[in-house]
Each structure stands twice: as structure tokens, then as C-alpha cells.
Amino acid sequence: MTRTIARIALAAAGLALLPGFAQAQKNAPNNDITAQAEQVFRSSFRADNPKYWMTRLDQDEAMRLCSQYRDNPPAKLRAQIEKAQMATIRYPVEGKLIGDWKEGEKLAAVGTGGHIGFIQPDPPGRLRGGNCYACHQLAKKEVAYGTIGPSLHHFGKLRGTSDEIVKYTYDKIYNSNAFTACTNMPRFGLHSWLTPEQITHIVAFLVDPESPVNKD
Amino acid sequence: MHSIVHAALAAATVGLAGAALAQGSTMDDIAKYREMLADGNPAELLEAKGEDLWKKARGPKNASLEQCDMGLGPGKLEGAYAQLPRYFADTKKVMDAESRVVHCMVTLQGFKEEDVTKNWFSKPGRDSDIEALVTYIGAKSNGEKINVPARHPEEARMAKIGEQIFYRRSGPQDFSCAICHGQEGKRIRLQELGNLTTQAGAGTAMGNWPSYRVSQGAVWTMQRRLIDCMRQARWPEPKYLSDSVIALEVFLQKTASGTVMQTPGIKR
């Protein structure tokens, strides 16, 4: 624990010495405008939004830094974010990381859930999916896929199903920022958007040789 | 009447195009489908209604909106929308088309702000006067270049605030505007995403509003568009006419400046 703190402190001290960091600091948006924007943003929401909705505007350290550096933090900071995010990952109780690919296939297609507000909210309890197809190609038969993320077609076929790959896949879905600070990909496990069990189903959809991701 | 027939035709076309889209959807199909609809945009009905509302004496003061100053002087509407949001000395605020129309309905016609904004967007069976007025005012900038240089210090400040909000990440999906709209040539599912950080991308995004949205069966204003973006980001609901929405508009209009408006538009 103290070692980690010492390391972070050392890393922080090291930052100031790096020319790259000094440059990034200079490029970082002016603090005054950031504070004004924060004030304007926070006060722009309806007063009757329930308090627990409003907590969705809170930023953790990763969000704050990613916003400040417009998703391109300097290398040292990037490493610091990735390390801290890696430490958040939790695993299913039984420890099995490959679930049922058929369940994963369903979750990959579901884009609903989690919408709040008074105009068009999701009904309470509506299934929240991973919405993987919004950004990734997966099974060949689904042509309505997005391109914000890389194609994951043949994910398992190309990488195999070693323990290492399976763990990487689980970890990446749980907390994408553990590998790439400020990536566009949400941190599904960290936010409890998906449960650890649901994540194992999506892992199976990606790595199982019988899954349409790999079969076709 | 002509427009009504067009609208009916357009509605029929939607059904056909929908079926065509289901099999082997491509961007080309969507482009063709927009072309089909372009001849008869249902938004034209609303534009005509907006013109009536603009010219008719209404409200406790029994006045029309013809003396409303949308930024170019009282009653001057040609090209006004393309130069909004802007700073208004009378209110000492940066205002967009919608906040300015509301201001005029309150000051010139004597309506109460809460009454005017109660139906700021339409639902089936519930019309919105604001939607109609803004569609009319927007159409008066059809073919005009967007021109929001944000030179006034207040406008410049709002542009910077809008830019900050554009990159601000929060919520259970870690979203910001930039993650979907900060890159070139991406799409979500099959929907193409504009890169709003470039002039061309921001121009495409901004120049068509107010726009008839086929998927919603209604005209959406820019406020409606941006408030729904925040819903998609899974954030709480912004206030109508709030400063963060106006700040985003200033940032986007500034980026889009120089591109030509085609409004009312028609969108997915």
C-alpha cells in the first residue's frame, strides 16, 4: 500500500521533469475556463432530476484526466491511469471466466437500458446490454455493426483460448482503461453496467470456437 | 395543400423505403431515401404554421412577433438563424434561436415564459408553437452560410465552454460528445457519425436543423437534438434553453461557419 503511494508520488514528481509533460500542461485547457464550464454544465440540468441521476455527472479521476487531456494524456499519466484502473477489476465468485456464448450473443446486440430523464427514459428494469455491435463487427451474419472500435470477427480464432487471452478479454470488458487510458470503450464492469457473470458470457461469445464470432 | 399531398406521399415512401432498408442496408439506400423525401419534407407544413404564428397578433398584448429582433434588427429574419447563437445587449446574454423566440413571445406578446416553454417539443397529439416558429425562422436562412465568429467576449467564452463540455466524460458509459463525434469516417451500427471538430463535419451536423426526423415522425430543433444527445449519453435531463446547450451550439456553429445551411432538413 505505502509502496504504491510512494510510487505514485515518485511518478508525479517524475512528470514535472519530463519535457513532454510540460508541453502537455501548456496545451491543457486553461483552468479558469474548465471551472466555468463545469459550473455552467452542472447548473444546466433540471432541478427535478432525482439526486441519484445527478451523480451520473460526477467524474472519477480517469474521467477528469481524460476530459482535461481530450483523451490523449501524456505517457506517464496514461500509465498511471491504466495501473489504477487495473486494480479495480473484480472476478465472478466461482472464478470461471468463460460463460455461455449464446447469452453473450444476446447481450452483444442489446443497446437499450440506462436512459434516464423525463422525455424518453427506459422503463425500470429494462435489460442493459453490452451493445457491442454499436462499435464492433462480431458475428459475420450481423451486418449492422459500427466502426468506432476494431473488428472482433474471428476474435478467438485469431488469438486462441489460452488462460491469458481469456483473462485479457474479461479484463478489457470489465475495465477497458486498464489497457488503454481514455479509450472510447466504456468500463462495463467498473460501472456495474454488466455483472461479472454477464461479462463471462460476452467473453464466451468472443472466444468460444462454437460462437458465430469464430465459426463463420 | 400542395405540401399536405407531399407529406402524405412522403409518409407512404417511408414505409417502402423501410422495407428496402431491411434487406442489405447500405448508405446508398439511405441517401436515395433522403432524396425521395426531399421533394416533400413534412417540415414544410410546420414552416407554414410558423409563419402564421409569427405574423398573427397573439397573447395578452395582442401583438405579432414581426418586431422581434433575432439579431439582425427588428423583423429581419433573412439569414438571422445562420448567425445564431449571438450576444444580445438587451438581455446581456448569448441566446440561440429558441431562447430568442421565447424572449420575444414574453416581451412582445406578454406570454409567461413557463407557458410558452411548456410544449417546447411536440408529441403525437400535442403541437409545439416553438417548433413551428423555429422551423419558419430557420428556413429564412436556407442557402445562407453559417456565420458565428464568436468575436464578442461573451460569445468567445461560450464557445470555449461548449468545447470543454464537448470533451467532458461522465456517466455509466464514460461518454463524451467527442467519443462518437471526434473522429473521421466512423459509424454507430449503420449510422454515419459526423466529426464535429471539423468545419465540414460540423457543417453537415448543424446546417440541416430544424429537421424532420423520420424515425420520430416530428421536426426536431437544435435544442431537442442536443438534449437527446445527453439522454443517449445516459446523463440526467438538461433544462430547456440551458447555457450548456447554448454553449455547445456556439462551439459547433463556430466550427461550422462558412458552410451552407439547407433547412428545414430531413434526417433518419
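# A tour of chains A and B

Start in chain A with two helices, H7 (residues 101–109) and H10 (196–207): their axes come within 7 Å and cross at roughly 100°. That crossing makes H7(A) roughly perpendicular to H10(A). Keep in mind throughout that this is a predicted model.

Show side chains at the crossing. From H7(A), select Trp101(A), Glu103(A), Gly104(A), Glu105(A), Leu107(A) and Ala108(A). They meet Gln198(A), His201(A), Ile202(A), Ala204(A) and Phe205(A) of H10(A). Colour this contact by class and you get six nonpolar, three polar and two charged residues.

**Zoom out: chain A**

Switch to cartoon for chain A. It has 11 helices and zero strands. The pattern along the sequence is therefore α-α-α-α-α-α-α-α-α-α-α. Of the 216 residues in chain A, 45% are buried. Now consider contacts between residues at least 6 apart in sequence: in chain A, 60% of them join residues at least 24 apart.

**Select Asn184(A)**

Go to the loop between H9 (163–174) and H10 (196–207) of chain A, where Asn184(A) sits. Asn184(A) has 22% relative accessibility, so it counts as partly exposed; the cut-off for buried is under 20%. Which residues does Asn184(A) touch, leaving out those up to four places away in sequence? The list is Ile148(A), Arg169(B), Ile179(B) and Gln183(B). Add Asp71(A) to the view. Asp71(A) and Asn184(A) are 113 residues apart in sequence, but their C-alpha atoms are 8.4 Å apart in space.

**Cross to chain B: H7 and H11**

Select helix H7 (residues 153–166) of chain B. This helix has 14 residues. From first C-alpha to last, H7(B) reaches 20 Å, close to the 20 Å expected at 1.5 Å a residue.

Add helix H11 (residues 243–256) of chain B. The axes of H7(B) and H11(B) come within 7 Å and cross at roughly 100°. H7(B) is therefore roughly perpendicular to H11(B). Show the contact residues on both sides:

- On H7(B): Glu155(B), Met158(B), Ala159(B), Ile161(B), Gly162(B), Glu163(B), Ile165(B) and Phe166(B).
- On H11(B): Asp243(B), Ser244(B), Ile246(B), Ala247(B), Leu248(B), Val250(B), Phe251(B), Leu252(B) and Lys254(B).

By class, this contact has 11 nonpolar, two polar and four charged residues.

Stay on H7(B) and highlight its buried residues: Glu155(B), Met158(B), Ala159(B), Ile161(B), Gly162(B), Gln164(B), Ile165(B) and Phe166(B). What do the buried residues of H7(B) pack against? In chain A, the partner is helix H3 (31–42). In chain B, the partners are strand E1 (86–88), strand E2 (93–95), helix H8 (177–181) and H11.

**Step back to Val148(B)**

Move to the loop between helix H6 (129–139) and H7 of chain B and pick Val148(B). Is Val148(B) buried or exposed? With 3% relative accessibility, Val148(B) counts as buried. Leave aside neighbours within four places in sequence. Val148(B) is then in contact with Ala82(B), Gln83(B), Leu84(B), Pro85(B), Val250(B), Gln253(B), Lys254(B) and Ser257(B). Label Gln253(B). Its C-alpha is 5.9 Å from that of Val148(B), with their positions 105 residues apart in sequence.

**Select Cys68(B) and Cys104(B)**

UniProt, in an unreviewed entry, places the feature "binding site" at Cys68(B) and Cys104(B). They span 37 residues in sequence, yet no two of their C-alpha atoms are more than 5.7 Å apart, so they gather at one spot.

Take Cys68(B) in close-up. This residue lies in the loop between helix H3 (43–55) and E1 of chain B. Cys68(B) is buried, with a relative accessible area of 1%. Beyond residues up to four places away in sequence, Cys68(B) touches Trp54(B), Gly73(B), Pro74(B), Gly75(B), Arg100(B), Cys104(B) and Leu108(B).

Shift to Cys104(B), in helix H4 (residues 97–107) of chain B. Cys104(B) is buried too, with a relative accessible area of 2%. With the same sequence neighbours left out, Cys104(B) touches Leu65(B), Cys68(B), Asp69(B) and Gln109(B).

**Last stop: Cys229(B)**

Finish at Cys229(B), which UniProt lists for "active site" in an unreviewed entry. Cys229(B) lies in helix H10 (residues 222–232) of chain B. Is Cys229(B) buried or partly exposed? Its relative accessible area is 30%, so Cys229(B) is partly exposed.

Technical notes
Residues numbered from 1 in each chain as written. Chains lettered and ligands numbered in written order. Predicted model: local features only at pLDDT ≥ 70, side-chain atom pairs only at ≥ 80, totals over all residues. Heavy atoms only, no water. Helix = DSSP H or I, 4+ residues; strand = E, 2+ residues; numbered from the N terminus. Buried < 20%, exposed > 50% of the residue type's maximum accessible area, 1.4 Å probe, protein only. Contact = heavy atoms within 4.5 Å. UniProt positions renumbered as here; feature names shortened; annotations may be inferred. Axes fitted to C-alpha atoms, helices over the stretch in contact; angles between N-to-C directions. Parallel < 35°, antiparallel > 145°, perpendicular 65-115°, else oblique. Nonpolar A, V, L, I, M, F, W, Y, C, P; charged D, E, K, R; others polar. Expected span 1.5 Å × (residues − 1).
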